[in-house]
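Ready for some practice in reading a structure? Have a look at the sequence and the model below, then work through the exercises one at a time.

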Amino acid sequence: MSRALELAERAVGAAQGDEADASVHVESSGFARFADSAVHQPTLIRDESVTVRVVRGGRVGCATTNRTDGDGLAAAARRAGEAADRSPVDPGFPGLQPRADVPDVEGYDEATSSLSAEELAGSAAAAIEAAPGLGLYGYYTSATTELAVASSSGHAVSQATTDASVLALAASDEASGYAEATSWRAGDLDPAAVAAEAAEKAERTRDAGEVEPATYRAVLEPYAISELLFYFGFTSLNALAWLEGRSYLSGRLGERLFHESFTLWDDGRDPRGYPKAFDLEGVPKQRVLLVEEGVARDVVWDRRTAKQAGDGRASTGHGLSAPAQGFGPIPFNLSMAGGDAATVDGLVELAGEGIYVTRLHYLGVVDPREGIITGMTRDGTFRIEGGRVTTPLVNLRFTTSFPALVAGLLGLTEDVTLVNRSDFYDERYPFGTLVPAVATDSFTIVGTGSGPGL
Amino acid sequence: MGAPFHFFSVAFRLVSNLRRAVDDLAQHALDAATAAGAGYADARVVRRRAQHVATKNGEVDTVSDAETEGIGVRVLVDGAWGFAGDPRLSEEGARDAALRAVSFARASASRARQRVVLAPLEPAGGDYEAPLERDPVEVPLEEKIALCLAAEEGMRRPEVKITEAMVRAMREDRVFRSSDGARASQRFVECGGGIDALAVSDDGRVQNRSYPSAHGGSSAQAGWEFVEGLELAREAERVGEEAAALLTADACPAAVTTIVVDAEQMVLQVHESVGHPTELDRVYGTEAAYAGTSFLKPDDLGSLRYGSEHMNVTADPTTPLGLGTFGWDDEGAPARRQPVVERGVLSGYLASRETSALLGRDLGGSMRADSWSRMPLVRMTNLHLEPGAGTLDDLLADVDEGLYLCTNKSWSIDDKRLNFQFGTQIAWEIKKGKLGRMLRDPTYTGVTPEFWGRLDAVAGLGEWRLFGLTNCGKGQPGQHAHVSHGTSPARFRDVQVGVRQ
């Protein structure tokens with residue numbers, strides 16, 4: 001039995017109520033963060049966190065602790081019970097996940113799990129050495145995470161996952177380029193190649209020019225489309241937002257909203273991504289078709305929103321742990337279908353004239369209902385002229401409609417890339433999107449910013 | 001009289017023993033680190049309990065009650081940093097954290113290009129605890145729920161489909177020791193709250209209003225009396241009415257005009273376009289890959305024209321009620337008030353011992369970590385726009401045509417903190433010094449020093465408010481800082497508004 005499941009079952013055993021469940025997160029992670037070509041913030045973290053939920057007479061209470069000895073778990077179970085007693089009956093509570101099988105998924109790699117601090121520092125050094133002449137900024141990180149959910153209903157599931165990522169910004173005062181890679185197998189990553197890609201791009205960004213605010217054709221690398229897609233997913237592919245009328249898809253399911261080449265799903269079981277067997281309520285992960293050839297088909301669901309919808313809906317396995325369920329269900333494993341372009345250069349040729357975007361910075365959702373997002377381009381923005389990437393551009397402020405962007409798709413690459421979407425706040429939970437590079441006829445620039453570089 | 005005296009005597013002895021035990025753990029970690037080769041080491045032992053209660057449409061939405069504890073050990077070995085965190089508050093946990101931090105530092109040191117140097121710091125220490133009347137963590141859950149439900153009530157009307165209210169409470173004990181001899185024992189107690197109304201029209205348009213601040217309300221380092229003082233229920237009716245009215249309001253037009261920005265949105269303006277760019281680690285590029293750098297350079301200090309003469313910004317970790325108020329920061333530097341911008345000229349940075357040494361000036365005192373499991377970073381403490389003179393009405397009176405912008409809705413700023421686009425929940429036209437029609441979806445954009453150069457008035461102390469926010473992100477792995485900003489409404493001329501796709 002995994003450590004996480006052992007803790008979950010002990011926590012449920014300590015709880016007193018009509019029913020109870022516990023979700024557990026066990027983390028061992030390392031971060032070799034570097035700046036100006038030296039590791040400057042190396043961090044090693046171990047932690048265990050247990051959330052106990054107790055149900056008494058329709059009242060629900062929960063408590064979280066990282067004190068995992070008998071006293072700590074008993075105290076958390078007692079606090080959860082007291083919280084239930086002091087709360088009103090929760091009419092929206094959907095009950096605990098009944099006993100169910102979860103899919104077998106990949107996602108754990110022993111070699112990644114056993115990486116030492118020396119090896120993390122060595123991988124960071126390999127990246128740094130591959131970008132001579134420029135400062136390298138970024139990180140190499142890896143982790144082992146165990147997740148488990150157990151309940152008094154007899155449901156008991158656990159999973160061990162690994163993750164590794166390398167991120168490289170190669171930069172001087174006048175130039176900057178970006179690349180990253182992520183996988184649940186550290187062996188898939190080549191830190192030197194990632195750094196070399198960032199450095200090569202940086203060298204092409206010197207003497208950047210400006211463009212006038214307007215709506216342009218654009219080619220977006222996977223790093224850029226991934227970030228836009230995740231923001232759109234968080235605000236619009238979430239059943240709670242959909243039920244409350246905040247989602248772009250509210251009242252629009254079944255309509256052709258996007259280009260027919262845009263097909264989107266969420267699949268936690270896909271071994272190309274960060275596989276998960278179950279969500280943080282213990283519900284088995286399902287593949288959910290969200291957009292089919294431009295037609296909006298569905299959003300993702302957790303147990304509470306499924307009950308709220310009241311039309312026979314069931315959770316699709318996208319729930320958060322009990323204390324975080326106010327955010328609604330989250331599509332952590334978004335996957336876009338690829339297209340016909342063999343290379344990104346093929347997309348540039350399709351676009352003909354426009355803007356090439358490597359990466360985005362600091363997105364803000366201006367209008368979630370209309371899917372309007374603002375942000376800056378960064379670390380590799382270029383002009384596209386005559387079907388070729390030509391001169392570098394300064395960082396551009398865009399305020400653009402994501403729905404319009406994917407309604408105006410001109411093409412997508414065949415290959416899709418896993419792009420990490422975790423910023424590693426709070427507990428480690430690796431996730432990312434599988435996306436191609438895309439070309440679109442609708443990317444709206446509203447201003448210009450500073451040039452590339454530090 | 002005997003029983004209570006006995007109770008307090010026993011309680012005091014328990015607290016003293018606990019503090020001594022925690023202090024011993026920190027010392028144990030330092031001993032293990034220095035014995036393993038660390039030239040410098042510090043240790044933080046942290047115990048935190050955090051509660052969050054939210055109601056939505058008259059029902060309980062979230063009740064969380066989380067505790068976490070652990071030790072974080074930071075070391076310098078051969079001039080290279082290492083950090084490790086362990087949840088076990090035992091000698092074994094402290095020693096393991098220390099040895100793991102040393103091993104990571106040693107692995108990094110072998111490839112380091114230059115040694116980290118720390119600015120000197122006089123060993124100091126003591127106890128810190130902010131005054132409070134009622135510990136918010138001990139307020140019964142049913143009282144918190146009742147407050148939220150009562151606050152929601154007034155927002156209800158047909159157009160308002162979602163009403164939400166939330167309160168939070170946190171208590172954290174933190175013991176710090178360093179091999180330089182610093183030692184501090186601090187208790188931080190925070191609480192806060194807020195309300196939100198979301199209105200949805202029949203044809204699917206959506207608008208929202210919040211009080212006292214968007215994105216989680218406002219918090220302070222204070223007792224429960226602070227939450228009661230927010231008077232959420234009193235403001236609820238206005239919040240609901242404005243959310244509903246926005247559904248039929250005209251859209252903010254595109255124009256270059258005069259704007260008066262309310263105190264709450266000025267918090268965001270100060271935070272994003274003054275706070276982050278003046279973090280000295282960003283100036284030196286440490287955050288380049290994630291949060292970004294700064295348009296400021298080290299030698300801009302004392303000479304760079306940041307804004308107009310009306311612009312005065314101060315970092316003050318001694319502000320009563322501030323979320324960034326402490327006795328000592330997370331590397332043992334004592335709290336001190338420092339100017340950041342004086343009469344429009346850059347006059348200070350937020351700094352650490354390491355970045356102070358690089359700059360050659362002691363500006364340290366802004367190192368903060370969001371938990372025992374994170375390495376301290378240069379963070380804002382409490383960063384204030386100093387008040388000017390007059391009232392909000394005085395600011396409005398001198399506007400022939402313009403906009404009054406209130407309550408943040410969206411924000412984005414570039415990696416050097418120059419080009420920004422911010423949106424607010426609501427605006428009102430200003431015509432000949434008076435507020436006119438309500439406008440929806442207002443946005444404004446600018447470039448930091450140009451924008452601040454257009455500042456021509458800041459309202460006075462009577463309009464100055466302290467807001468506390470808990471969602472300031474930075475670092476890899478990520479950290480959330482809790483910071484406060486004191487601001488008054490401010491007026492800017494010739495600003496581009498109405499930016500929308």
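**Exercise 1: two helices**

In this predicted model, Leu147(B), Ala150(B) and Ala151(B) of helix α3(B) are in contact with Leu232(B), Ala233(B) and Ala236(B) of helix α5(B). Sort the residues of this contact into nonpolar, polar and charged.

*Solution.* Go through the names one by one: Leu and Ala both count as nonpolar. The tally for α3(B) with α5(B) is six nonpolar, no polar and no charged.

**Exercise 2: how they pack**

Work out how α3(B) and α5(B) are oriented to each other.

*Solution.* Start with what you need: two packed helices are described by the angle between their axes and the distance between the axes. Here, α3 (residues 141-153) and α5 (residues 232-246) of chain B pack at about 30°, and their axes are 7 Å apart. Next, use the cut-off: angles under 35 degrees count as roughly parallel. So α3(B) and α5(B) are roughly parallel to each other. Finally, look at the handedness: α3(B) passes α5(B) in a right-handed crossing.

**Exercise 3: aromatic rings**

How many aromatic pairs does the structure hold over all chains, and what kind is the one between Phe420(B) and Tyr444(B)?

*Solution.* The count over all chains is 30 aromatic pairs. For Phe420(B) and Tyr444(B), the ring centres are 5.9 Å apart and the planes make an angle of 75°. Planes over 60 degrees apart count as edge-to-face, and that is what this pair is. Now place the residues: Phe420(B) sits in strand β18 and Tyr444(B) in strand β20, so the pair ties together parts 24 residues apart in sequence. Both Phe420(B) and Tyr444(B) are buried.

Key
Residues are numbered from 1 along each chain as its sequence is written. Chains are lettered from A and ligands numbered from 1 in the order in which they are written. This is a predicted model: local features need pLDDT of at least 70, side-chain atom pairs count only at pLDDT 80 or more; totals for chains, interfaces and linings use all residues. Side-chain values use heavy atoms; hydrogens and water are left out. Axes are lines fitted to C-alpha atoms, for helices over the stretch in contact, and angles run from 0 to 180 degrees between N-to-C directions. Helices (H or I, at least four residues) and strands (E, at least two) are DSSP runs, numbered from the N terminus. Angles under 35 degrees count as roughly parallel, over 145 as roughly antiparallel, 65 to 115 as roughly perpendicular and the rest as oblique. A crossing is left-handed if the near helix is turned anticlockwise from the far one by less than a right angle, and right-handed if clockwise. Contact means heavy atoms within 4.5 Å. Rings of Phe, Tyr and Trp (its six-membered ring) pair if their centres lie within 6.5 Å; planes under 30 degrees apart count as stacked, over 60 as edge-to-face and the rest as tilted. Buried means under 20% relative accessible area, exposed over 50%, partly exposed in between (1.4 Å probe, protein chains only).
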